[in-house]
Amino acid sequence: MNTTEAPPLTRKDFQSDQEVRWCPGCGDYAILSAVQQVFPELGIPREKFVIVSGIGCSSRFPYYMNTYGFHSIHGRAPAVATGIKMTRPDLDVWVVTGDGDALSIGGNHLIHTLRRNVNLKILLFNNRVYGLTKGQYSPTSELGKRTKSTPHGSVDFPFNPLNIAIGAGATFVARSVDIFMPHLKSVLKRAAEHKGSAFVEVMQNCNIYNDKAFAALTDKTGRQQNGLYLEHGKPLVFGDNKDKGLRFTGTDFEVIELGNGKSEDDCLVWDEEHANPSLAFQMASISTGDGLGDFPVPLGVLRAVDAPTYDAGVIDQIDELTTARPQTLDQLIHGTDTWTVDAGGNVHRGAN
Amino acid sequence: MTLPIAGQTDAGKAAEATVSDVVIRFAGDSGDGMQLTGTQFTNTSALIGNDLSTLPDFPAEIRAPAGTLPGVSAFQVRIADHDIHTPGDAPDVLVAMNPAALKANLRDLRDNGVIIVNTDEFTPRNLKRAGYESNPLEDDTLNAFRLYRVALTTMTRRALEESELDVRSKDRCKNFLALGMIYWLFSRPLEPTIDWLRVKFRRRPEIAEANVKVMKAGWNFCDITDAFQVRYDVEPAKLEPGTYRSIHGNSALAIGLVAASRRSGLPLFLGAYPITPASDVLHELATYKHFGVTTYQAEDEIAAVCAAIGASFGGNLGVSCSSGPGIALKAEGINLAVMVELPLVICDIQRGGPSTGLPTKTEQADLLQVMFGRNNESPVPVIAASSPANCFDTALEAVRMATAYMTPVILLSDGYIANGAEPWRIPQVEELPDLRVDFHQNAEGFMPYMRDEQTLARPWAIPGTPGLEHRIGGLEKEDVTGNVNYEPENHDHMVRLRAEKVARIVNDIPDLEVEGPQSGKLLVLGWGSTLGAITGAVNQARADGLTVSRAHLWHINPFPRNLGDVLDRFERVLVPEMNLGQLALLLRARYLKDIETYSKVEGKPFTRDEILHRIERMTGESNQR
């Protein structure tokens, strides 16, 4: 047995030889960089990573990662990845998708994958527009949005991706932003460590078709004023000088100004492990994610609970039955009722 | 054959007559257990050593309104002391559990055929439901037949007088009274069914024993009374020596896939979504987990095929199974497998259509869909099973092509052979083809789209192998490197290469064999489930002194190498198909040969006589020329 330790992997080990072909300035570059920085830190051999994608700008991701990769068809990446993970539990399988790919054409696969709790990591790059097809509105585009396919403004009410994931029963739900590098990396690491479906929405800027969609959150002042950085066991405070907080009235969240008799003690302490998903759902609902509303944008881990995974359940059954019911192929082919015709043409019940 | 009305007589006993061949149809309401009754009769006859063939015919509705024509469920079985090819054109015996069952099936019955009816069900209300204006048991509707009136429900209740079951449960046993009678009438033993009942209802022995009791009551009723003047026997068929079992097509397909998994060393993964008549493959494979089989009931047809592709990427034997409507949904997934050149087997158990069509009825009209129903140039090998037992060999051959050529393969079956049964001579495991697969291991010089010189297959390099990290996908590939490439010359090259790869399969598939004269005036050429009817018709035509040959296609894409030669050797070629001429279209296009189509799209298989009459007409025409 070879006991020599391989040198630790570096970011470079995960860069493929393919020229990256996203538009200059695209948020995808930052996300690619974050993933290439996080993967070497996970202690997993490079050949064990598989990245599966669908169709769209984000779905070109696998070509730029020097791992096993599968650029599949529109919306179907969770289905392909499920087939891989069910049969190859030793692999670390990541799905990279976008708002159109995951929430429109592939919505069914997304919710069922999350419902089953397949041990996959799903990164949804949400730029609120169809980029690869040159600028149509997407299922996360805001009402009234003017695009090539909605010249008079969209009247199509959008999805909140976090609510879809929480509603589908996802056991890990988080959100970060393409250019918030340290935050994004920490969220990716948390997702990697989760056992079960880990859903991460990454707000991603499309500087060609939907530039500055998240500017109110991502510009210099917005980061502190409009970002609510969730931390497990910590009170919900935000703002330039941590001068605001979120209180839970029992039915709703409300923003409170700290000081003047109100302190962190009046704010809800965030519990990402809360078994009932309704609070996480309500948290996801306070903002559409662009930082333009009355509430801050929740970032970080909304939900992280333990639950059995589908793939482990499937494999356990197979292992159990393989031990409990040994049968040869010959026995299977024979079945239970046979008859035998001998050389003289006589028939008797049973095999020879 | 017509059942004789006289036979050898012993004093005080019914006359006994041996017949070589009999067709029995059990018909009743969907809830009357006709499929089960027919299956029991089939299995018992199989164990006696008869050759047999079955034709289940049931409605798409689980429980259509009781007593109505759409609710009638029927099971036809033919048993014989010789080699047979079809479930029979016309029943000799009809068991009709109610007026609707009688009305729906009477027109098929042979003249002077035997009818056993449950008189208890011939009430004014049921007669009206079946659309009878007067009671056919009392008018002259049934004059041409031998009618036996039996109060099945009353007798069942009486047999179970001491049972503690409720009346409803008692009444549900009445099909076993009919079965007991038919067992007596055709001199079958009761033991195999008794054994089956006691295993099936081991947790509810009171149900098992009630059915046993009722079945014996049916038998005894015939034995004691003079209900029937003649009792028949069908002797064992002179089958080739060997061990046999009775098998349905879907079951043979499921077992064949497990066998292929074992012979290839690849764990089997089935991605499926419930659809008639393919679901039984999913059901059966779900019970074979102890063979390392993973079954995945996906959220839809698309996910089912995509998960199978993912499993293949990971080094499993990826399979997806469906019927026409589901295959349509899988088209984009199949095309992905064409592009990424991964092994995949897609089983299409065809049914009547288009659209939802006739879910429980049979048809062969997906041939052009599986050949061409995908965007762009998308060559996929196609192979068609021709009988229930042949589904086993077809599964192995589909897997062989898929893994040897790194390609998706489509396996065609249909509702007729999926649900039909026949005796199957069980093969020796060691005689099955060796399908061992070697995954690529060597990192030196590895390119994901480098190719085997002979087969043009690319290497199967599975995730987890150090040094072989690579990316595949639906975008056009550069040959050898597998890099995304949009160059015009490369695309032209790759389109031709994918076509050539599938075309080269012709190098290791058998030539088409012609049965009968190797050249001449008429060839009857078939594919898929028409094999039985064509064989029966051609054999009969020859027995009648006509000169006719026949051949049956197994591989449809690519066609066997000698097919063009075979077609050229005959003046006329007749292709019977349960569609409007889809194979004929392919043959005409490929070989510029005038093909004569015989179409039937009634949701029912061809009868032997239909094809025989066509042969007679065509040979008659030839003689006049």
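In this predicted model, B:Ser187 sits in the loop that runs between α6 and α7 (191-200) of chain B. Its backbone is a bit unusual: phi of B:Ser187 is near 55°, a positive value in a residue that is not glycine. That turn of the backbone comes just after α6(B). As for its surroundings, B:Ser187 has 14 other C-beta atoms within 10 Å, so it lands in the partly exposed class, given that a residue needs 20 or more such neighbours to be buried and 12 or fewer to be exposed.

The helix just before B:Ser187 is another matter. Helix α6 of chain B takes in residues 174-185, and 12 of its 12 residues are buried, so the rest of the structure largely encloses it. Among these buried residues are the aromatic ones B:Phe176, B:Tyr183 and B:Trp184, but B:Lys174, B:Asn175 and B:Gly180 are buried too. The geometry of the helix checks out as well. At 1.5 Å a residue, the 12 residues of α6(B) should span 16 Å, and the end C-alpha atoms turn out to be 17 Å apart, which agrees.

A positive phi outside glycine also turns up at B:Asn112, where the value is about 65°. This residue belongs to the loop between α2 (99-105) and β6 (114-118) of chain B. B:Asn112 has 12 C-beta neighbours inside 10 Å and therefore counts as exposed.

Cis peptide bonds are worth a look next. One joins B:Gly353 and B:Pro354, with omega at about 15°. B:Pro354 is part of the loop that leads from β13 (344-350) to α13 (367-372) of chain B. Another cis peptide bond links B:Asn557 to B:Pro558, and here omega is about -5°. B:Pro558 is again a loop residue, placed between β20 (555-557) and α18 (563-568) of chain B.

On the scale of whole domains, the assignment for chain B lists domain 1 (15-233), domain 2 (245-431) and domain 3 (520-624). Taken over C-alpha atoms, the centres of domain 1 and domain 3 of chain B are 36 Å apart. These two domains do touch: four residues of domain 1 of chain B are in contact with seven residues of domain 3 of chain B. On the domain 1 side of that contact, three residues are polar, one is charged and none is nonpolar.

Between the chains, 55 residues of chain A are in contact with 59 residues of chain B. On the chain A side, at least two residues each come from β2 (68-71), α2 (77-87), α4 (107-116), α10 (310-324), α11 (329-334), β14 (339-341) and β15 (347-349). Of the elements of chain A, α2(A) gives the most, with eight residues. By residue class, the side of chain A that touches chain B divides into 23 nonpolar, 21 polar and 11 charged residues.

Strand pairing also crosses from one chain to the other. Strand β2(A) runs parallel to strand β17 (residues 471-473) of chain B, and three bridges join the two. Within this pairing, A:Phe70 has B:Ile472 of β17(B) as its bridge partner.

Notes
Residues numbered from 1 in each chain as written. Chains lettered and ligands numbered in written order. Predicted model: local features only at pLDDT ≥ 70, side-chain atom pairs only at ≥ 80, totals over all residues. Domains from an automatic or database assignment. Nonpolar A, V, L, I, M, F, W, Y, C, P; charged D, E, K, R; others polar. Helix = DSSP H or I, 4+ residues; strand = E, 2+ residues; numbered from the N terminus. Expected span 1.5 Å × (residues − 1). Pairing = 2+ DSSP bridges.
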